[in-house]
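Biologist: I would like to learn how to read a model like this one. Could you take me through it feature by feature?

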Amino acid sequence: MWYKILYGLLVVVGGLAYGLLLGGISRKITARLHGRRGPTVFQNYIDLIKLIRKKTAISHGTMFFLAPMFRLLGGIGVLLLVPIVTKSAILSNFSFGGDLIVVLYFMVFGCLGMALGAADSGHPHSALAPTRGLAQMAGYELPFLISVIGLAIAHNTVSLGTLVSAQQGGILHWNLFQYPFLSIAGFIAMLGMYMAYPFSVVMAPQEIAVGPPTEYSSTFLSFMFTGRSLFGVGKYVLFMDLFLGGATNLLEAFVKTFAIFLFVVFITGVFPRYRTEQAVKFFWTYPVVIGLIDFIRIFIK
Amino acid sequence: MRKIVAIVFLAIIGFYIISIFSAFQFGDKYKGVSEHYVKEGIIENRGANLVTSIVVNYRGFDTLGEVTVLFLAATGLSFLLFSCKCEREFKRIKSSLVLRTATDTLFPMILLFGAYIFIHGHLTPGGGFQGGSVIASGVMLLFLSFRSFHPNHKTLSTIEVLAGISFAGIGLLGLVYAKSFLANSVLPLGQWNRLISAGVIPLIYIAVGLKVGAELSGLISDMISTTKED
Amino acid sequence: MIFFGASLLLILIGLYGALVKRNLIKIIIGLSIMDTGINMLIISLGFVKGGTAPIISLKSLFQKNSLLVDVSKIVDPLPQALVLTAIVIGVAVTAMALSVVIRMYSVKKSIEIDDFKELKW
Amino acid sequence: MVNPVVIIAITLMAAFSIGIFQFFGKKFVRGVFWLTILFDFSAVLSIAYGFLTGKITKPIMVKIGGFPPPIGINLSVDRFGAYLAVVIFFIGAMAAYHWLNKGIDDPEPKALVLMLLLLLGSTGMIFTQDFFNLFVFIEITSIASYGLVASNVDWSSLEASFKYIVIGSISSTFVLLGAVLLYKFGGSLNMLDISSKITPSRYGGVLMIIAIMFLFGLLIELELFPMNGWALDIYQGANPAVVAILAGGIVKGFYLVFVRSAIYLKFPYILKIGLIFGLTTYLVSQFFAWKQKDIRRLFGYSSVGQLGLLVLAAGFYVGGGLQGIDKTYMLLAIVFFVLNHSFSKSTLFFITDLIEEKDIEKWKGVLKGNKLLKTLFSTSVLSMAGAPPFIGFWAKLFFVLAIPKQYFYVVVLVLLGAVAEIIYYFNLYRITSSDSENCFEIKGSIVPASMNTLVLLGLSFLSGYYFFLYTRISVSTNLLIMMGAAIIIYIFGFSRIFQWVLSLGILSYALYLFKNININLQGFFLLFILVGGLILVFATYPVSKKYSWSFYPLLIFSVLSMVGIALAKEWISLFIFWELMSWSSYLIINQGSKAKKASWVYLVMSAIGGYAMLSGIKLLTSGPNLVPGFNSTAMRYSTLSAILIFTAFLIKMATAPVHIWAREAYGESPDGFTPILSGILSKMGVFGAILTVVYLLPHTAHSSVILYGLALFGALTALFMALFAAFQENVKKVLAYSSVSQVGYILIGIALASSLGYSAALYHTVNHLIFKGLLFVAVAGIIYRTGTSYLPEMGGLIRRMPVTFLAFLMGIITLAGIPPLSGFAGKWLLYSALLEKKWMFILLIAMFASIVAFMYCYKLLHTIFLGQLRDKYIKVKEVPLPIAIVELVLAGLTMAVGIKPSLILDFSDKVVKSLGFYGPGYAYQGAHRIVSKFGYWNAYFMAVFAIGAFIIALVLFFLVKAKIRKVGQLDIGYSGEVPDSPESVHFGYDLYAHMRRAVSPFISPIMENSYKKVYNGIAAFVDYARRFYTGDLNTYAMWVIITLSFIFYIFYKGVF
């Protein structure tokens, strides 16, 4: 049991490093797409170290304090609940702890924590962001659920491990090709999940400072930062498991997650931003219709 | 429009009701209880007037109800007309001399005739109601003739009450003595076709006559008088 | 038969008064006519062809506790008794109705139905 | 025992003699009057007592004049005549007492004479055995009533009286005509004698017309539609004391006479008369009353409706071909209807006279303040509307049970009328119980109304006893005793704390009684109700201050009636307790200050549900088995019955198309009751739904379609209610929609009808009690402290109420189904069950709904506890102790169950097994890992993981706390400015404005509006239709004639 925890720590540290790197790459690529030079790809490491070294001076209340913890916890939880590399003692993680449904719900845990802490700060902007986030969530979850449920019914399981093993045996067994429409819906939903352009109204970095973390600084912010990075990696892994056939070794995992990452980054870099209701309406129309094609196919079968 | 509708529907009803008369031959013989009344009436009651026997004895309960109805009408009438505690007022025009003189002569005779009718109710046509009405007509004559006439309501109600109570009381006596209400066996039945015969029938008819006379008189007086306008 | 028809006609005429007339007194008159019709019907129901009145006061008709007359020649006494009651009741109802009308007149100075449609719906 | 004729003779003598006594003074007259009434009453009572105890078995025959029946008139006092005479004299005495205390403006002695003769006439009418004598007594009664009706100072009474005279004369003309022609037909006037000469085969032309004429005369007096305008005018215009005795006593005399005559005449079409006229009258008047503005006319409509129902019942009793127990039931129904109407309606008329206000709108707030008046009024109204345990309820129940099954449409129509009746009665009740500045003085004596109500209560008790006696339904005596204890609590209205302790005592005692109960479906819910009730009632004490003294008794009553539901062994007893629950909860909800309209909607919906259930149960009955048990699986049931029964449960669960009552009823109900309403009461719908799905649906034809439909309803409920919740600004209304949404999940679980589905439903049932109880109790405490339930006015309360916040947060986490706490297990089970059945679309909607639910979850937390604290709440304290205790207990429970779901699942497993499944549909791997066919999850691991991390965070917090400076709430990075007030920077109103723009077509209250439109449409129609009663005498008379022609037309098989 205890070695599991050790493995877990390893995964977390690795995941964090990977997540921060991806964040840096993302900033770089976006900058280049915008014609800027942009920061170095290691900027996020630098930022994190800087933040951790800063002394925390003020707090707005208990919840304000607890929120970064929740956020971090949520990130770690999600990362540990998805199998990065199936049938690997270390990298299959704590995925014995639960199945897809557990993951889906646990993903909310961290968000909730952050939202609460943000609201406790008493800043109206930081409260505005979670409401936008939740609204947008109601938007992108519909296509996402269509693809997840479609897959679960199609494979008759909700266990991620089983899902992955069902996709083994060649690239054409991937859900991406078996159920292309479900996959399209799922990936569009993923764009919303990352709250990046064109669905970045939640964080809205320009207008309302930086969304929920408006009032946060130093250590607290570093926790959030860390949590967010881990969370991101967790989600990439989840999508990889769902659609791209999982990974049988670490390299495959890197490649596949990086591919998903690139997909997100390139779309992000190109599109302007939707308003909340526009985003919701978008999610409830095109991806849903696309997803339903496969969904109904599975239903009839 | 209303008239047409009324006529149409009344015609329908008339059509249905008239259909039953085809089943009853006019002037047909009767059967049932009336046979008993006719055959046994005199034997059981010694009253020559079979109608009276029926009214007072066989269906005496109806008569009690009938008296009650009249009493009710009289009470209700004065209850309604004099509900406010105003003075009563009698507005009447002066009558002619002929009427007054005639009344002077006729009134006692009318009273006497009325009394005759109800006393002989069990012997001859007529009875309490008829006699009472005759008496009331005499009182009405008084109203018509004498402007200042107004009956003594206390006396009227005393007569009324005593008569009413004695009717019901006779009935109860029957219950006490003969185990049945209004039974005609309290007094001896006597001889057929005599004035004093037929048991309690004459007594009841006297009570009824007095009561009806008093009630109708009161009724007339109530109708004539109006409440004083302020 | 004509008696039946006539009394029925009286009843219907009385009803017609109650259905159509707008004057309260006329309605009461209608009711009285109806009463009369019924009374007449009752009496005529009791009639026996060639019968006499149900009063047996002649010595020749009754001796020694037995009826000498042909029973079928005496008209039915019961309807006559009933009609007596019916008449009195009719009188009582008419009296009540009139007293109510008197009160109504004293309130509204009118005896037209159109003035008495306060209670409705 | 007194000879009945003596009663008549003595009364007559007394009435006559008052003419003399009036000269001696008023007191003398009154003395005579009361002595007579007393004598009469005790005389008829002695006779009735003789019948009741069985000392007298045969009808008492009295020969008048000593002649045997066909020759002379005779009286016959049978059982019902005696009972009715008792009722008439009692109500007469009460009416007279009322009138005398009110002060008669008219000459008093004459009024008393009329009153005496009225009673005498109706008694004679009941007793007599002779057709003509009947006519005489009818006339006595009528003339006395003509006079009394006209006696009011108001001149409109004259108008009423005149209409009555004319129509009454027409009526008695037909009675007389009939009587005389009957004599001509049968040669006598004695009822029995004529009856012996009539055989049904003789019903050709002549007899038919005669019988029709005679009965028609009586039917006019029975105020049947369309010839009842005069009666309504009397109810409206006449003196209420007189109306009370007319409606309460005299008309019942006419009814008895009518029924008896119909029996004697062997009239073959009595059922048709009931079906055509009785039913029409009943329905028409129940609907016409909706928009009635005059309170007395409203009661008039109700009386007329009741008479129509009575005529219908008589039709079934006499001509419905009922046999055996059915006939007894119908007879009991009639007796109960009569008693109910007599006592309730006369009380109501007395009360209208005490208030002296005619316009309903001016009755606003009448019942505030006067406890006695409120009790009297409520009792009568409840009994009239057929609420258990009052006599009107048993009457209706017997009636429905007795109707033959081929007349099912009658059941439906009668129950429809009953709903209409509830609609207007409780519209009235809504007005009277609402707050108002009006000050009311009670003018007159309240004694008669109180006496009537006392009798009514006694009769209710008796009738309930008879119901259980005759239907042989077993009911736990313990339960009844405890329910009786609720009355004791009622009496202790002066001491709230005593009531509270007593209530808790009763519930604990109940728990003690049922401690060894077998855990099957019933046992599970029994424990659920009692434990939940105990916890939630405990929290009510601080908030109960705002509510009426009847709060606790009603609370106990409703909880115990739920116990009754759980203990029920037959559908009927389930229905009885179901109604008890609905009505008592209605009365509690109604106590909320703004809840008048809401509770009315709740009641109407409940009534629709309850009566749908009753009619469904009626369809289940077959042959002699009038009380179908749950488990009579031998036969196939009709789909309709299952749907009808299910409707009741759906309404109580407030699922999608019938949810309209939920928001306002939850939102405005007393804060102490809302947790129970949401946590326990709505779960009775779940209980019933499981019963139906388990015992009924498998035996119907279309069960799979129905089940899928139900699941769809459940899913849509879950989704849309969650969406609606996000846009509410009242905290309780948010939670209301949330409750309904959660119940939607439970419904899905039930509709799955699989072991996993039941497990999910049962688990979620308990879980919902835990977290929703927790949330509502916390909210009650918050409202108690802050005085507002409006979300934008709150904010920042975490600083003042940390304990409540912690508990609330746990509640919300559970509600959202986020893993460490108990909420997730329910979701997981449900989704697994859905996967098992491959109901993809439902799974999609259900999961999506839970995502949508996050919106309101966050909204609650944020707007209440986070953000900026307002200045006015700076000094707000933590919630009161009992509430805090309950919060912590429930929070502890959710955590314990979160770690170890088997705390609940062990129970639900037993239930699922008792329902006939081999197992719960999932399995344990090891101690903590739950496995289904599709996946697995480890609650223990998740909980340890999350809670451990949380504790670490908390420890860290306390460690660093000293080093970190806590800043004021206004010290925020606000564009370089310092905001000047908390309000200006608190983001609390319309949190999801952006979302609203996206979903506006979905959140418009389409359902509510369409219900409103239907209601308003019907109301507008009946408002227009009641102009049928033009107030014109000629028209009224015309309708009489038209009706007669119609009857002739339909019943006559011609001579010609």
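Biologist: Into which domains is chain D divided?

Modeller: Before that, two notes on reading the model. This is a predicted model, in which local features need pLDDT of at least 70 and side-chain atom pairs count only at pLDDT 80 or more, while totals for chains, interfaces and linings use all residues. Residues are numbered from 1 along each chain as its sequence is written, and chains are lettered from A and ligands numbered from 1 in the order in which they are written. Now to your question: domain bounds come from an automatic or database domain assignment. Chain D has domain 1 (4-436 + 445-458) and domain 2 (473-952). Their C-alpha centres are 46 Å apart.

Biologist: How many residues does each domain give to the contact?

Modeller: Two residues are in contact if their C-beta atoms, placed from the backbone, lie within 7 Å. Here domain 1 of chain D contributes 24 residues and domain 2 of chain D contributes 22 residues. To name the elements, remember that helices (H or I, at least four residues) and strands (E, at least two) are DSSP runs, numbered from the N terminus. On the side of domain 1 that touches domain 2, the elements giving two or more residues are H14 (371-384), H15 (391-402) and H16 (408-433) of chain D. The largest share, 12 residues, belongs to H16(D).

Biologist: And what is the chemical make-up of that side of domain 1?

Modeller: For classes, Ala, Val, Leu, Ile, Met, Phe, Trp, Tyr, Cys and Pro count as nonpolar, Asp, Glu, Lys and Arg as charged, and the others, Gly among them, as polar. The side of domain 1 of chain D that touches domain 2 has 17 nonpolar, 3 polar and 4 charged residues.

Biologist: How confident is the predictor in chain D?

Modeller: pLDDT is the predictor's confidence in each residue, from 0 to 100. Chain D has a mean pLDDT of 87, with 97% of its residues at 70 or more. For the complex, the predictor gives an ipTM of 0.87 and a pTM of 0.92.

Biologist: Let us move to the chains. How many residues do chain D and chain B each give to their contact?

Modeller: Chain D gives 60 residues and chain B gives 59 residues. Among the chain D elements that supply two or more residues are H1 (4-21), H4 (108-127) and H39 (1033-1051). H5(D) provides the largest share of the chain D side, 10 residues. By class, that side has 38 nonpolar, 16 polar and 6 charged residues.

Biologist: What does the contact between chain C and chain D take from each?

Modeller: It takes 31 residues from chain C and 37 residues from chain D. On the chain C side, H1 (2-20), H2 (24-46) and H3 (77-108) each give two or more residues, and H3(C) gives the most, with 13 residues. That side of chain C divides into 26 nonpolar, 1 polar and 4 charged residues.

Biologist: Which chains do not touch chain A?

Modeller: Chain B does not touch chain A, and their nearest C-alpha atoms are 66 Å apart. Chain C has no contact with chain A either, and the closest C-alpha atoms of that pair lie 53 Å apart.

Biologist: How do I read two packed helices?

Modeller: Two packed helices are described by the angle between their axes and the distance between the axes. Axes are lines fitted to C-alpha atoms, for helices over the stretch in contact, and angles run from 0 to 180 degrees between N-to-C directions. Angles under 35 degrees count as roughly parallel, over 145 as roughly antiparallel, 65 to 115 as roughly perpendicular and the rest as oblique. H3(C) and H5(D) pack at about 10°, with axes 11 Å apart, and are therefore roughly parallel to each other. Residues making this contact include C:Leu82 and C:Ile89 of H3(C) and D:Phe132 and D:Glu139 of H5(D).

Biologist: At what angle do H29(D) and H34(D) pack?

Modeller: H29 (residues 755-786) and H34 (residues 902-914) of chain D pack at about 135°, with axes 9 Å apart. That makes H29(D) oblique to H34(D). Their contact has 8 nonpolar, 4 polar and no charged residues.

Biologist: Where are the cis peptide bonds you would point out?

Modeller: One is the bond from D:Phe225 to D:Pro226, with omega near 5°, and D:Pro226 lies in the loop between H8 and H9 (229-237) of chain D. The bond from D:Pro388 to D:Pro389 is also cis, with omega near 0°, and D:Pro389 is in the loop between H14 and H15 of chain D.
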